[in-house]
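Subject: Model handover

Hello,

Here is the structure I promised to pass on. My notes follow below it.

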Amino acid sequence: MSPRELLLDNARLVLPDRVVNGHLRVVGGRIRELGEGRLRTPSARDCDGDYLLPGLVELHTDNLEKHLLPRPGAHWPAAAAVRAHDAQLLAAGIATALNAISVGEEEAEQAVEPQTVLAALAQAREDGGLRIEHAVHLRCELPCPDLPQRLQPLLDAPQLRLLSLMDHTPGQRQFHDLERYRAYSARHGTARDDAGFGAHVRHLQDLQHRHAAGHRRIVLAMARERGLPLASHDDSELGHIAEAVDAGARIAEFPVNLATALAARAAGLSVLAGAPNLVRGGSHSGNVAASELARAGALDALSSDYVPGSLLLAAFQLGAWDSIGLPRAVAMVTHTPARAAGYDDRGALEVGQRADLLRVRVVRGFPHLEAVWIGGERRY
């Protein structure tokens, strides 16, 4: 074989519609050939019957913020944080990651400066310090008074792939329950007494009343001008889905209840839920369980959100369901998110696709990552 050729044999190939025992050939970083049966070619790598599936595609990882701010107020050097984050995602089988960066969210903005994150990602890429592909997902907090001014310079980021429309105003969407919002604020280092908490909530509600609608129109215009995909976020009412459809959104991220998820799917949006929600058996914030969405046929894609390793676990967990099966479950973490983000060159074991590949062995019911290839090159 030439240096740019890779032949994997004796693997269980997770194809888009079935699992087959077979082999796969990579040439020049692309899948050139795949088929059933063994080749027994001396130069081939024997996968010992392990699963071979596409590299995972992540639309909304918050993991980078953990490395940039491991404790409230404890800022970490951005260059080191980006490389540690990259290594963790690689070890989770994630080949393409859209890093979710908050623009205008009050607590998040105090923690992480978006320009710093983008610069660190760009520098690591230029230095060859990234082993997977990193793209950018900007989370646009609509009530922020100067959101357009904050967002405008970020839109030139070369790896920008997705904008999401956020509104974390307490009293609605994810934070219908104000006590849940109080707990969220405390976790982010902004605990307040009753008087201070009430004043803070009223302040945020006033910002929403004054700015959200106008900023929504501005962000939509920016997205249309650049042809960027859009996602809605934390939809809790049917009216929110109607707004998402009117905006031309492709993705409904983390719907709060089953009704909004069903409405989103009926309207043609890809419904994205949290893989940690599925693995744990429920939402940590009291929202609808991902398993309930799956049983209702209202789940299209999964995000690792705050636990990178949850994506592979969730795929194999869902893959064990007779009603879903492994090919469809794997598509929820590969093909579907890839297409939703505008990638057509990855996410499936098909001839011509980029050779982002995972070798996975199931031990005691849990998937263990044995190897990762990015563009046909062994990285893990």
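What span should the 14 residues of helix H2 (residues 78-91) have at 1.5 Å a residue, and how far apart are its end C-alpha atoms? The expected span is 20 Å, and the end C-alpha atoms are 20 Å apart, so the two agree. Keep in mind that this is a predicted model.

**Helix H2**

H2 has a buried set: Ala78, Ala81, Val82, His85, Asp86, Leu89 and Leu90. These residues cover an arc of only 165° around the axis, so they sit on the same side of H2. The general background is simple. An α-helix has 3.6 residues a turn, so residues three or four places apart point the same way.

What do the buried residues of H2 pack against? Their partners are S6, helix H1 (63-68), S7, H4, S8 and strand S15 (366-374). After H2 comes Gly93, with a positive phi near 85°.

**The sheet**

Eight strands form an open sheet with parallel pairing. The order is S6-S7-S8-S9-S10-S11-S12-S13. Strand S6 (56-61) and strand S13 (301-303) are the edges. Each has a single partner strand, so one side of each is left without a neighbour in the sheet. From one strand to the next, the twist averages 25°.

At the S13 edge, the pairing is with strand S12 (residues 270-274). It is parallel and runs over three bridges. Ala273 stands opposite Leu302 in S13.

One helix to look at here is H4 (residues 114-126). H4 lies across strand S7 (94-103) and strand S8 (133-141). Its direction is at about 155° to S7. H4 is also among the elements that the buried residues of H2 pack against.

**Salt bridges**

How many salt bridges are there? The count comes to 17. Here are some of them.

- Glu5 and Arg25: the closest N and O atoms are 2.6 Å apart. Glu5 is in strand S1 (residues 5-14) and Arg25 in strand S2 (residues 19-27). The pair is 20 residues apart and links distant parts of the chain.
- Arg38 and Asp46: the side chains meet at 3.2 Å, N to O. Arg38 is partly exposed, with a relative accessible area of 39%. Asp46 is partly exposed as well, at 35%.
- Asp300 and Arg265: the closest N and O atoms are 2.9 Å apart. Asp300 lies in the loop between helix H11 (290-295) and S13, and Arg265 lies in helix H9 (residues 258-266). The pair therefore ties together parts that are 35 residues apart in sequence.

Are the two partners of that last pair buried or partly exposed? Asp300 counts as buried, because its relative accessibility is 14% and the cut-off for buried is under 20%. Arg265, at 37%, counts as partly exposed.

There is also a network. Salt bridges that share partners join Glu133, Asp345, Arg346, Arg354 and Asp356.

**His215**

His215 is in helix H7 (residues 194-226). Is His215 buried or exposed? At 8% relative accessibility, His215 counts as buried. Leaving out residues up to four places away in sequence, His215 touches Leu142, Cys144, Pro145, Asp146, Leu147 and Pro148.

Best wishes

Definitions and conventions
Residues numbered from 1 in each chain as written. Predicted model: local features only at pLDDT ≥ 70, side-chain atom pairs only at ≥ 80, totals over all residues. Heavy atoms only, no water. Pairing = 2+ DSSP bridges. Helix = DSSP H or I, 4+ residues; strand = E, 2+ residues; numbered from the N terminus. Axes fitted to C-alpha atoms, helices over the stretch in contact; angles between N-to-C directions. Contact = heavy atoms within 4.5 Å. Salt bridge = Lys/Arg side-chain N within 4 Å of Asp/Glu carboxyl O. Buried < 20%, exposed > 50% of the residue type's maximum accessible area, 1.4 Å probe, protein only. Expected span 1.5 Å × (residues − 1). Arc of directions from axis to C-beta.
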